[in-house]
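Subject: Structure handover

Hi,

Here is the structure for you to pick up. Please load it before reading on.

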Amino acid sequence: KHMNINWKAIMHCPLLVLFLFSSIMLHGQTNKRTVGSMEVSWEFQGNTLHVSVHAPSKGWVALGFNEKNDIVQTDLVMACVREGKIESEEFYVVGMGNPQPVEKLGGKKIITHVKGREDSRGTTIEFDIVSPGSDYHYELKKGKEIWLICAYSVSDDFDHHSRVRKHFKVRL
């Protein structure tokens, strides 16, 4: 049965309009980009940035953040699904071909709620970023312009070179 909605009456109800508007603002807006064969989406929920990255491979998947279009000085999250379990690491790229674990450099990890899955389409990882934990992380806040560095490999070994790496600028 078709339901008729009297939108004019609804729009004249200030409390309902305020409720609808605040519900939209609290839940945030999901941003999504397809870069080559990878898919990246992100959404702020309060001060937490929720990220999802998909690659068409059953190896590791990585997402980096940098204020410049460069791999050097990138804050990098790498994850894979190995034997059904998620493995993740945070790196800071100190030089070309030289990513170092953030904790080894004296920093602390800032990603939480790391999840991952593999299926016939490839690998998907999801994680939350809570707040900058050290000098090896960029402040990621809503509205900030930042370069995202997306990469994936055909291997779960984090030392294995990427098959694809793409850079693109976004407004968080």
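Below are notes on the pockets, the cores, one central strand pairing set and a few single residues.

One caveat before the details: this is a predicted model.

Pockets

I started with the open space. The largest pocket has a volume of about 440 Å³. Its lining comprises 20 residues, and those closest to its centre are Leu76, Gly97, Pro99, His161 and Ser162. Which strands build that lining? At least two residues each come from β5 (75-82), β6 (85-95), β7 (98-101) and β10 (145-152). The top contributor is β6, with three residues. By residue class, the lining of the largest pocket splits into twelve nonpolar, six polar and two charged.

The second largest pocket holds about 170 Å³ of space. It has 14 lining residues. Nearest its centre are Asn47, Val130, Pro132, Leu140 and Lys141. Here the split is eight nonpolar, three polar and three charged.

Cores

Nonpolar side chains tend to be buried together in soluble globular proteins. In this model, the largest nonpolar core has 29 residues. Leu63, Phe65 and Leu148 touch the most other members. Strands β2 (38-45), β3 (48-55), β4 (61-66), β5, β9 (122-129), β10 and β11 (164-171) each put at least two residues into this core. Another core lies apart from it. That one has eleven residues, including Ala62, Met78, Cys80 and Val93.

Strand β10

β10 deserves a look of its own. Seven of its eight residues are buried, so β10 is largely enclosed by the rest of the structure. β10 pairs with β4 in the antiparallel sense, over six bridges. One bridge there puts asparagine 66 opposite tryptophan 147 of β10. β10 is also joined to β11, again antiparallel, by eight bridges. On that side, tyrosine 152 has valine 164 of β11 as its bridge partner.

Leucine 148

Leucine 148 sits in strand β10. Is leucine 148 buried or exposed? Its relative accessibility is 2%, and the cut-off for buried is under 20%, so leucine 148 counts as buried. What does leucine 148 touch, leaving out residues up to four places away in sequence? The contacts are Val40, Trp42, Leu63, Gly64, Phe65, Lys166, His167, Phe168 and Val170. For a sequence-distant reference point, take isoleucine 71. Leucine 148 and isoleucine 71 are 77 residues apart in sequence, and their C-alpha atoms are 9.8 Å apart in space.

Backbone points to check

Most residues other than glycine have a negative phi. Two residues here have a positive one.

- Glutamine 73 has a phi near 70°. It lies in the loop between β4 and β5. Its relative accessibility is 34%, so glutamine 73 counts as partly exposed.
- Histidine 113 has a phi near 50°. It is in strand β8 (residues 111-119). Its relative accessible area is 59%, so histidine 113 is exposed.

In brief

β10 supplies at least two residues of the lining of the largest pocket. β10 also supplies at least two residues of the largest nonpolar core. Leu148, among the residues that touch the most other core members, belongs to that strand.

Over to you.

Best wishes

How values were computed:
Residues are numbered from 1 along each chain as its sequence is written. This is a predicted model: local features need pLDDT of at least 70, side-chain atom pairs count only at pLDDT 80 or more; totals for chains, interfaces and linings use all residues. Side-chain values use heavy atoms; hydrogens and water are left out. On a 1 Å grid over the protein atoms alone, a cavity is a set of points where a 1.4 Å probe fits but cannot get out, and a pocket is an open set with protein on both sides within 12 Å along at least five of seven lines; lining residues have an atom within 4 Å of a point. Grid points are joined across faces, edges and corners, and a volume is the space filled by probe spheres set on the points. Helices (H or I, at least four residues) and strands (E, at least two) are DSSP runs, numbered from the N terminus. Ala, Val, Leu, Ile, Met, Phe, Trp, Tyr, Cys and Pro count as nonpolar, Asp, Glu, Lys and Arg as charged, and the others, Gly among them, as polar. A nonpolar core is a set of buried Ala, Val, Leu, Ile, Met, Phe, Trp, Tyr and Cys residues joined through side-chain atoms within 4.5 Å. Buried means under 20% relative accessible area, exposed over 50%, partly exposed in between (1.4 Å probe, protein chains only). Contact means heavy atoms within 4.5 Å. Two strands pair if DSSP finds at least two bridges between them.
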